[in-house]
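Visitor: Hi, I'm new to this one and would like a short tour. Could you put it up on the screen?
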Amino acid sequence: MLTSTEKSVLGQITIAHSWPLIEEFSTIVREHPDECNRAAESIAARLRKLGVPVTVHEMNLRLSLPGKSGVILDGKEFRAKTPALSRAAPDGIEAELIYVPSRKDSLKLYSVDPRDMFEASFVDAGGPARIKGRIVVTEGLSNPGKLNLFEQWGAAGAIVVNPGVDIHWGSCSTIWGSPDLDNMQRRPRISAAIVNNPDGQPIIAAARAGRRARFYTHLEERWWASKLPEVRIPGTSEPDKFVLLHGHYDSWDTGVSDNATGDACMLEVARALWDNRKHLRRGVRVCWWPGHSSGRYGGSAWYVDRFWLDLDENCVAHTNCDSPGCRDANTYRDIRMHAECADFAVATIRDLTGQVASTRRPNRSSDYSFNNVGVSGFFMGTSMMSLERRKELGYYEISGSGGNISWHTEHDRNMEWADRDVLLRDQKLYALAVMRAANAEILPFDWRASVAPMVETIRGYAAQAKAHFDLSPAVAAAESMAGRVAAFQAAVAAGKVTASAANEAIQGLARVLIPLDFTVEPRTRHDPAYVTPSVPALAAAVNIAHMDTDTVPYAQNSLLRGQNRVIAACRDAERIVDRAMG
Ligand SMILES: [Zn+2]
């Protein structure tokens with residue numbers, strides 16, 4: 001059900017201001033910082049013209065711009081791209097090829113050691129003995145974890161074969177945001193070329209035969225002055241608190257569907273909510289990020305670092321706007337978000353569209369730079385084409401651009417990938433969800449939904465580690481915490497907790513439980529840019545049963561420390577809800 005205020009605000013949402021931004025961006029290749037900064041100024045100028053105050057932050061980001069690259073086999077050159085942040089090989093690398101097929105069911109196994117995790121995604125990768133000094137040929141999209149594994153095994157380089165006729169741009173650093181002294185050692189030292197599937201076949205055949213090939217890549221990597229437009233809309237009764245709506249404005253090529261449509265969507269939501277700010281209890285901030293593609297989420301990571309204390313104190317939720325408004329994207333399925341937000345998001349989608357949405361756990365992408373701080377996030381993306389439509393079009397799975405395979409290719413300059421009706425609906429969805437999160441007297445997030453799977457995960461770890469380590473204290477702490485959280489949410493639902501106490505606790509749980517469930521690094525840092533298993537502090541339990549006896553004591557040590565972290569966090573969470581319940 002929509003309230004009359006919601007109906008009134010949604011009635012003001014239009015594509016009159018947003019569509020022209022997509023048209024303009026379809027002509028600007030937003031890769032080079034000079035072009036990106038021009039795009040940022042265009043966003044700011046449009047906002048000012050609409051009467052919306054905007055601040056353009058300036059910062060230096062470490063960015064990497066891929067240039068020309070190619071693979072040479074039997075004197076024939078195949079077109080290639082190179083992933084951002086990989087090592088440039090302008091003089092070329094020549095070596096024997098080795099084929100390492102990717103598994104279709106990759107990444108099922110999790111591990112504290114990402115090398116194990118990515119090794120599991122190949123059929124017989126074989127380790128350094130096979131890989132060292134050779135050029136690895138494998139299928140997939142340029143995956144930082146896999147390329148990092150090949151680098152550690154001493155590969156001379158890698159050739160990645162994409163699934164279709166297009167070559168998708170990508171990035172290959174495991175460092176989230178611009179590096180610092182503590183993680184710059186992880187900067188990729190491997191060179192890689194990406195080819196399309198038809199060209200990949202003769203290269204795979206040559207690799208099977210153990211033949212040689214050569215590839216070259218050009219990249220320009222350095223610190224670049226970048227711009228980040230931000231709108232701050234004040235709230236009326238909780239002026240310091242805010243909901244953060246964000247998305248990237250740099251793109252591969254002109255990125256119509258990734259992410260000009262998102263930039264346009266945020267422009268319209270910013271306009272509509274600014275005009276209706278008297279209806280906002282809490283504030284709303286809208287940020288357009290630079291450095292998403294070429295700097296591995298550099299813009300959003302910078303914003304977290306720059307405003308960390310403010311985010312920690314005041315950010316009640318965030319939502320990422322990436323690739324809304326795309327052609328054929330008429331369903332809301334498997335939207336990634338934190339589980340405590342799922343009921344809220346599903347209800348919002350239902351109230352607006354009548355559709356029943358499904359949700360799933362966020363992966364490590366899409367400017368979700370807020371897990372270490374611990375901020376609840378709803379929406380990584382939103383609308384996608386249906387599986388039936390995907391099949392009809394013969395597309396493979398793509399996580400952006402509404403499922404259109406123009407994603408991260410030069411085809412994404414075509415306006416046909418954006419759809420006026422879908423954009424209008426998605427603009428309304430973001431406006432409604434942000435407005436509701438900003439206006440709910442009590443924050444609309446239910447921690448039972450996040451805590452239940454965490455308890456299950458910890459029980460699973462305990463069962464796997466059983467022969468080598470006793471995790472029953474962690475299980476007991478998690479079960480106790482889940483019980484207190486359930487009591488808290490029931491008390492909130494029964495109106496027995498004041499709104500201010502409930503909100504403090506709901507936000508407080510995010511600061512404790514999201515880091516516990518999603519991160520390894522401290523709260524003021526950024527976790528690496530690869531998928532982390534749930535409750536990573538205890539993930540050594542997954543592998544301990546298969547370890548050789550020399551390694552087991554190290555894993556036991558990890559679990560001893562991890563268990564302390566889990567129990568301490570569960571106690572913190574209990575204290576938070578107990579305080580709220582008086
Ligand atoms: Zn995107």
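Guide: Let us begin with the largest cavity of this predicted model, where helix α3 (residues 33–49) gives the most to the lining, with three residues.

Visitor: Which residues line the largest cavity?
Guide: The lining is made up of Glu31, Pro33, Cys36, Asn37, Leu63, Ser226, Asp250, Pro290, Gly291 and Ser294, and by class these are four nonpolar, four polar and two charged residues.

Visitor: And how much space lies in there?
Guide: The largest cavity holds about 50 Å³ of space, and the structure has three cavities of 30 Å³ or more.

Visitor: What about the second largest cavity, how much space is in that?
Guide: About 40 Å³ lies in the second largest cavity, whose lining residues include Pro144, Leu147, Cys172 and Arg186; by class, that lining has five nonpolar, three polar and two charged residues.

Visitor: Changing topic, what coordinates the zinc ion?
Guide: His248 (NE2), Asp258 (OD) and Asp322 (OD), the last of which is listed twice, coordinate the zinc ion at 1.9 to 2.4 Å. Along the chain, these donors follow the spacing H-x9-D-x63-D. Since His248 lies in strand β8 (residues 238–248) and Asp258 in helix α8 (residues 256–275), the pair ties together parts that are 10 residues apart in sequence.

Visitor: Is the site of the zinc ion regular or irregular?
Guide: The site is irregular, with angles of 57 to 142° among the four donor atoms.

Visitor: Are His248 and Asp258 buried or exposed?
Guide: His248 counts as buried, at 1% relative accessibility, and Asp258 is buried too, with a relative accessible area of 5%, where the cut-off for buried is under 20%.

Key
Residues are numbered from 1 along each chain as its sequence is written. This is a predicted model: local features need pLDDT of at least 70, side-chain atom pairs count only at pLDDT 80 or more; totals for chains, interfaces and linings use all residues. Side-chain values use heavy atoms; hydrogens and water are left out. Donors are N, O and S atoms within 2.8 Å of the metal (3.2 Å for Na, K and Ca); water is not among the atoms, so sites may look incomplete. Four donors count as tetrahedral if all angles lie between 85 and 135 degrees; four count as square planar and six as octahedral if opposite donors are over 155 degrees apart and all others between 65 and 115; anything else is irregular. Helices (H or I, at least four residues) and strands (E, at least two) are DSSP runs, numbered from the N terminus. Buried means under 20% relative accessible area, exposed over 50%, partly exposed in between (1.4 Å probe, protein chains only). On a 1 Å grid over the protein atoms alone, a cavity is a set of points where a 1.4 Å probe fits but cannot get out, and a pocket is an open set with protein on both sides within 12 Å along at least five of seven lines; lining residues have an atom within 4 Å of a point. Grid points are joined across faces, edges and corners, and a volume is the space filled by probe spheres set on the points. Ala, Val, Leu, Ile, Met, Phe, Trp, Tyr, Cys and Pro count as nonpolar, Asp, Glu, Lys and Arg as charged, and the others, Gly among them, as polar.
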